[in-house]
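Hi,

Here is the structure I promised to pass on. Have a look at it first, and my notes on what turned up follow below.

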Amino acid sequence: MSQHDDSSAAVSAEADRAKAGEAGQPGAGRLGAGRLGIWGIVFFVISAAAPLTVVVSAGPTSLRMGGIGAPGAMLTCGLVLILFAMGFTAMSRYVTNTGAFYAYAARGLGKPAGIGTALVTVFAYGFLCVCFYGFVGFFAQSTFAALLHIDLPWGVYSVVAALVVALLGYRRIDVGAKVLGVLLTLEVAILLVLAVAVLAQGGPEPVSFASFDPGNVFFAAGAGSLFVVGFGAYLGFEGTAIYAEEAKRPERTVPVATYIAVAFLALFYAFTFWVLTVAFGVDGVLSLARGDAFQDMVFTAGGQFLGEWATVAMQVLIVTSFFACLLAFHNACARYLYSLGREGLLPRALGRTHRNTQSPYVASLVLSAVCLVAVLVCVVAGADPFLGLAIWAYATGVAGLVFAQGVAAVSVVGFFARDRRGHSVWRVIVAPALGALGLIVGFILIATNFEIVTGMEGPVNAVLLLPTPILFVGGIVGGLALKRAKPARYAALTTMATGAPAAGGGTGER
C-alpha cells in the first residue's frame with residue numbers, strides 16, 4: 001500500500017472515530033424519524049410562504065409598481081422554481097440531511113461551498129424570523145385595537161408570539177404541523193371564497209387575460225419589480241428537504257411535497273392576483289393600485305363581494321398567517337442550526353435533540369432567545385415594528401435566501417454532471433440549469449432594485465446586502481482552512497445524517 005493510501009486510511013479512521021464520538025455524546029441524537037407525511041411538510045412549506053399575506057400585501061404592491069402583468073410574473077417565478085425542483089427532488093434521493101442547502105452544496109460543489117451556503121442560509125432564515133415578529137406585532141396591535149378596542153404596545157404581541165413559538169418548537173414536529181394545517185386552511189379558504197364570489201358576481205369591466213400577456217409581464221415599465229416581489233413570495237419552498245430526516249419515506253415524501261407546494265403556490269398566486277383584476281377591472285385595479293389606499297385593495301374586495309364579515313375575518317387571519325409563517329421559518333432555521341451544531345461548525349450543544357420529543361430543542365430555544373432579544377431592543381429603542389424592524393429585515397432575508405437557492409440549483413447540476421444515476425438529462429442537468437439561471441437573474445433583480453423592498457435609499461441598502469456574499473466567501477475560506485488544519489473533522493462533514501455519501505456516490509474530499 002502506498003504512503004498516500006496509508007494517509008487516506010488514517011484520515012478515514014479518524015473521521016469514523018469523530019462520528020462515533022459525536023453519536024455517543026450525552027444529549028446528542030437524531031431527529032424524530034417518520035413523524036411527517038407529505039401533507040405535514042406541505043403545510044410547513046406553504047405556511048412559510050404565507051399566501052394570505054402575499055395576496056393582501058404583495059398583490060397590490062406588484063400591481064402598483066409593475067402593472068397588470070403581476071399574475072403572469074407570479075406564474076413565471078413558479079415555473080423557474082419548478083425547473084429547479086426537478087433536479088432538487090432528484091438529488092433528495094441521495095442526500096437526506098436537515099441542513100438541506102448545506103448538504104446539497106457540499107455534495108455538488110464541495111464542502112467549502114456547502115459551509116458558505118449554510119452560513120448564508122442561517123443568516124437569511126434568522127433575519128426572516130426576526131422580521132416576522134415585527135409583522136405579527138404590527139398587525140396584531142392594529143387588529144386588536146380596531147376590532148376589540150384593546151390598545152396594547154406591539155411588543156406585547158411579539159413577545160407572546162415568541163413564547164408560543166418557543167413552546168411549539170420544543171415539542172414534537174408533528175404538533176406544529178397540525179397547528180399550521182388549521183391556520184393555512186383558514187387563510188386559503190377565505191381567499192377562495194372571495195374568488196368564487198367575484199367570478200360569480202362579475203366586475204365592472206369584461207373579464208380580461210391581459211395579466212398573462214408576455215408584453216405586460218416582461219416588457220412593461222417596472223416589470224423587473226414584479227420579479228423582486230415574485231421570488232420573495234415563494235420563500236421557504238425549499239423547506240421540503242429540511243424535514244427529510246423527519247419524513248416518512250423521504251425518498252418519496254420530499255419530491256411529492258415539493259411539487260405540490262410549488263405548483264399550488266404558483267397557481268394560487270396567479271389566480272388570486274388575477275381575480276383582483278376581475279373584481280375592479282383592468283383600469284380600475286390599476287387606478288386603485290396607484291392610490292393612497294392601495295394596501296386595502298383585498299379588504300375592499302372582501303367587503304364589496306362578501307360583506308363586512310369577510311373584511312373582519314381577513315384582518316384576523318392576517319395575524320395568524322404571519323404567525324404560521326413565523327413558526328415555519330423558526331422550525332427551518334432551528335434545524336439548520338442543529339445540523340451545523342451536529343457537524344461542529346457551530347457550538348456542538350446546538351446539535352442536541354430532546355430525549356422524549358426528539359426536537360432540536362437547544363437550537364430552537366437559542367433561536368427564540370435571540371429573536372426575543374431583537375424584539376426587546378426594538379421596543380426599548382422605540383422602533384416602529386413595520387418600518388423600523390420588519391421591512392428591512394425581510395428584504396435582507398429574501399436576498400440571502402434567493403442567493404442560497406441559486407447556489408443550490410448550481411449544486412444540483414454539479415452533483416449529476418459526474419453521474420446522472422439513471423435520470424434523464426432534462427431532469428438533472430437542463431431543468432436545474434435553467435432554474436439556476438432564473439434564480440441568479442432573480443437575485444440580480446433583487447440586488448439592483450433593493451430599495452423597492454426596503455423602502456430606504458442610500459448606502460444602507462449596500463450594507464444590508466453585503467453580508468450575503470461576505471458569509472458565502474468566508475465559509476469557503478473557512479472550509480479550505482479546516483481541510484488543511486483538521487482533515488479528520490473535514491472528512492466527517494455532511495456524514496452525520498442518513499444522507500452520508502454512499503460508496504462511489506459522494507464527492508469524496510472536495
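A polar contact here is a pair of N or O atoms within 3.5 Å, where within protein one must be able to donate a hydrogen and the other to accept it. Also keep in mind that this is a predicted model.

With that in hand, start at Thr272, which sits in helix α12, residues 250-280. A polar atom of the Thr272 side chain lies 2.6 Å from the backbone oxygen of Phe268. Thr272 has a relative accessibility of 6%, so it counts as buried. Helix α12 also holds Leu267, but Leu267 is exposed, at 58% relative accessibility. Leu267 pairs up with a residue from far off in the sequence: Leu75 is 192 residues away along the chain, yet the two C-alpha atoms are 6.8 Å apart.

Now the part you may want to open in your viewer: the pocket.

The largest pocket has a volume of about 930 Å³. It is lined by 39 residues, and those closest to its centre are Ser57, Ala58, Gln295, Phe386 and Ile391. Which helix gives the most to the lining of this pocket? That is α3, with eight residues. The helices that each supply at least two lining residues are α2 (38-49), α3 (51-66), α6 (111-148), α10 (223-232), α15 (308-343), α17 (386-417) and α19 (450-454). As for chemistry, the lining of the largest pocket breaks down into 27 nonpolar, 10 polar and two charged residues.

Two of those pocket helices deserve a few words of their own, α2 and α6.

For α2, 10 of the 12 residues are buried, so the helix is mostly covered. The buried set runs Ile38, Gly40, Ile41, Val42, Phe44, Val45, Ile46, Ser47, Ala48 and Ala49. I also checked the length of α2: at 1.5 Å a residue its 12 residues should span 16 Å, and the end C-alpha atoms are 17 Å apart, which agrees. Just past the end of α2 comes Ala50, with a positive phi of about 50°.

For α6, the same check gives an expected span of 56 Å for 38 residues, against 53 Å between the end C-alpha atoms, which again agrees. Of the 38 residues in α6, 27 are buried, so this helix is largely enclosed by the rest of the structure.

What follows α6, and what is the sign of its phi? The residue is His149, and its phi is positive, near 60°. His149 belongs to the loop between α6 and α7. At a relative accessible area of 69%, His149 is exposed. For context, most residues other than glycine have a negative phi. Another one to look at is Arg421, a residue other than glycine with a positive phi near 55°. Arg421 is in the loop between α17 and α18 (425-448), and at 22% relative accessibility it counts as partly exposed.

On the other side of the His149 loop is α7. The 17 residues of α7 should span 24 Å at 1.5 Å a residue, and the end C-alpha atoms are 25 Å apart, in agreement. Buried residues in α7 are Trp154, Gly155, Tyr157, Ser158, Ala161, Ala162, Val165, Ala166, Leu168 and Gly169. A general point helps when reading such a list: an α-helix has 3.6 residues a turn, so residues three or four places apart point the same way. Gly155, in helix α7 (residues 154-170), is buried at a relative accessible area of 9%. Gly155 also has a long-range neighbour in Val379: the two are 224 residues apart along the chain, while their C-alpha atoms are separated by 6.1 Å.

Last, the cysteines. How many disulfides are there? The count comes to zero. Cys129 is in no disulfide, and the nearest cysteine sulfur, that of Cys333, is 4.9 Å away. The cut-off for a disulfide is 2.5 Å between sulfur atoms. Cys129 is buried, with a relative accessible area of 0%, and Cys77 is buried too, also with a relative accessible area of 0%.

Cheers

Terms used
Residues are numbered from 1 along each chain as its sequence is written. This is a predicted model: local features need pLDDT of at least 70, side-chain atom pairs count only at pLDDT 80 or more; totals for chains, interfaces and linings use all residues. Side-chain values use heavy atoms; hydrogens and water are left out. On a 1 Å grid over the protein atoms alone, a cavity is a set of points where a 1.4 Å probe fits but cannot get out, and a pocket is an open set with protein on both sides within 12 Å along at least five of seven lines; lining residues have an atom within 4 Å of a point. Grid points are joined across faces, edges and corners, and a volume is the space filled by probe spheres set on the points. Helices (H or I, at least four residues) and strands (E, at least two) are DSSP runs, numbered from the N terminus. Ala, Val, Leu, Ile, Met, Phe, Trp, Tyr, Cys and Pro count as nonpolar, Asp, Glu, Lys and Arg as charged, and the others, Gly among them, as polar. Buried means under 20% relative accessible area, exposed over 50%, partly exposed in between (1.4 Å probe, protein chains only). The expected span of a helix is 1.5 Å times one less than its number of residues.
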